Amino acid sequence: MTVPLHQSPPKLKAPEEMPGRYGLPFLGETLSIFGDEELYYWQHFQRYGSVFKTRILGQKFAFLVGPEANHLCCWNRQTMFPPRWAGFS
């Protein structure tokens, strides 16, 4: 994906709108990802595309797979990943 400089960057969807699933309440998809990690990523990329959500050991995650998804992440770095601790940048 190429974004011309005069256009605003694309936006990530809210977690509720992202494709994917959280799975079981605490485990989520933990067993699937630890069973065969590479297969897990490939299947989810094929099913949901380059951005998808999941839950692993009670934590919710968004996965960005491939150059287009990572470009989106890097483009919006300051707004998507604000510092969590004082002095961290």
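Leaving aside neighbours within four places in sequence, Glu 29 is in contact with Arg 21, Tyr 22, Tyr 40, His 44, Thr 54 and Arg 55. This list is a good place to start reading the structure, which is a predicted model. Glu 29 itself lies in the segment before helix H1, and with a relative accessible area of 3% this residue is buried. Two of the listed partners deserve a closer look. The side chain of Glu 29 makes a polar contact with the side chain of His 44, at 3.2 Å. The side chain of Glu 29 also meets that of Arg 21 in a salt bridge, with 3.2 Å from N to O. In general, side chains of opposite charge can pair when their charged atoms come close. A search of the whole structure finds one salt bridge. The two ends of the bridge between Arg 21 and Glu 29 sit in unlike surroundings: Arg 21 is partly exposed, with a relative accessible area of 43%, whereas Glu 29 is buried at 3%.

It helps to place these residues in the chain as a whole. The chain has four helices and two strands, and from the N terminus on its elements run α-α-β-β-α-α. Of the 89 residues, 24% count as buried. Among contacts in the chain with a separation of 6 or more, 54% come from residues 24 or more positions apart.

What happens to Arg 55, which is buried yet has no salt bridge? For Arg 55, the nearest side chain of opposite charge is that of Glu 29, 8.7 Å away. A salt bridge requires the side-chain nitrogen and the carboxyl oxygen to be within 4 Å, so Arg 55 has no such partner in Glu 29. The side chain of Arg 55 instead reaches the backbone oxygen of Pro 25, at 3.2 Å. Arg 55 is found in strand E1, which covers residues 51-56. Leaving aside neighbours within four places in sequence, its contacts include Arg 21, Tyr 22, Gly 23, Leu 24, Pro 25 and Lys 60. Two of these contacts also face one another: Lys 60 lies over the face of Tyr 22, at 4.7 Å from the ring centre.

Aromatic rings add another layer to the picture. A pair of aromatic rings is described by the distance of the centres and the angle of the planes. A search of the whole structure finds seven aromatic pairs. In one of them, the rings of Trp 42 and Phe 45 have centres 6.1 Å apart and planes at 35 degrees, so this pair is tilted. Trp 42 and Phe 45 are three residues apart in helix H2 (residues 37-48), and are therefore separated by about one helical turn. Trp 42 counts as exposed, at 52% relative accessibility, while Phe 45 counts as partly exposed, at 30%.

Another pair joins Phe 52 and Phe 63, whose ring centres are 5.3 Å apart and whose planes are at 20 degrees, so the pair is stacked. Phe 52 lies in strand E1 and Phe 63 in strand E2 (residues 59-64), so the pair ties together parts that are eleven residues apart in sequence. Both residues count as buried: Phe 52 has 0% relative accessibility and Phe 63 has 15%. Phe 52 and Phe 63 also belong to a cluster in which ring pairs link them with Tyr 40, Tyr 41, Tyr 48 and Phe 61.

Two members of this cluster, Tyr 48 and Phe 52, are touched by Pro 19, as are Val 51 and Lys 53, not counting residues up to four places away in sequence. Pro 19 is found in the segment before helix H1 (30-35) and is partly exposed, with a relative accessible area of 29%. The C-alpha atoms of Pro 19 and Ser 50 are separated by 9.7 Å, although these residues are 31 residues apart along the chain.

The last residue to consider is Leu 57, in the loop between E1 and E2. Most residues other than glycine have a negative phi. Leu 57 is not a glycine, yet its phi is positive, at about 50 degrees. Leu 57 is partly exposed, with a relative accessible area of 44%.

Methods: Residues are numbered from 1 along each chain as its sequence is written. This is a predicted model: local features need pLDDT of at least 70, side-chain atom pairs count only at pLDDT 80 or more; totals for chains, interfaces and linings use all residues. Side-chain values use heavy atoms; hydrogens and water are left out. Buried means under 20% relative accessible area, exposed over 50%, partly exposed in between (1.4 Å probe, protein chains only). Lys and Arg count as positive and Asp and Glu as negative; His and the chain ends are not counted. A polar contact is a pair of N or O atoms within 3.5 Å; within protein, one must be able to donate a hydrogen and the other to accept it, and residues adjacent in sequence count only if both atoms are side-chain atoms. Contact means heavy atoms within 4.5 Å. Rings of Phe, Tyr and Trp (its six-membered ring) pair if their centres lie within 6.5 Å; planes under 30 degrees apart count as stacked, over 60 as edge-to-face and the rest as tilted. A charge sits over a ring if NZ of Lys or CZ of Arg is within 6 Å of the ring centre and within 35 degrees of the ring normal.
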